[in-house]
Amino acid sequence: MERRAKKENYVIGPDGSPLTVADLPSPETQRWVIRRKAEVVAAVRGGLLSLDEACDRYRLTVEEFLSWQRAIDRHGLAGLRTTRIQQYRQ
């Protein structure tokens, strides 16, 4: 029986390249550009992170994450360009 090296889990990111957990935005991210939002949505859709894990990691509400997902579904990546109301957390 042939032994295989353990493969790292990945999904295809918004730019078509492999995306691993290590490639995801930092949990300290405060500036959410289109690419970072799209990477988090791709990670959840592909199973790298659960919705709860993503929300905890990035201090997002479920509604905020789902709004990103809807924006991509309806308008593609350009839909993420909409500026959200800033929530200043202390």
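This note goes through two helices of a predicted model, α1 and α3.

1. Basis. Residues are numbered from 1 along each chain as its sequence is written, and side-chain values use heavy atoms, with hydrogens and water left out. Because the model is predicted, local features need pLDDT of at least 70 and side-chain atom pairs count only at pLDDT 80 or more, while totals for chains, interfaces and linings use all residues.

2. Helix α1. Residues 34-46 form α1 (helices are DSSP runs of H or I, at least four residues; strands are runs of E, at least two; both are numbered from the N terminus). Its 13 residues reach 18 Å from the first C-alpha to the last, close to the expected 18 Å (1.5 Å times one less than the number of residues).

3. Burial in α1. The buried residues (under 20% relative accessible area; exposed is over 50%, partly exposed in between, with a 1.4 Å probe and protein chains only) are Lys37, Ala38, Glu39, Val40, Val41, Ala42, Ala43 and Val44. Their cover includes β1, β2, α2 and α3, where contact means heavy atoms within 4.5 Å.

4. Helix α3. This helix has 14 residues and reaches 20 Å, close to the 20 Å expected. Glu64, Phe65, Trp68, Gln69, Ala71 and Ile72 are buried. They lie on the same side of α3 because they cover an arc of only 155° around the axis (taken from the directions from the helix axis to the C-beta atoms). These buried residues pack against α1 and α2, whereas Glu63, Asp73 and Arg74 are exposed on the face turned away.

5. After the helices. Gly47, just after α1, has a positive phi of about 90°. Gly76, just after α3, has a positive phi of about 70°.
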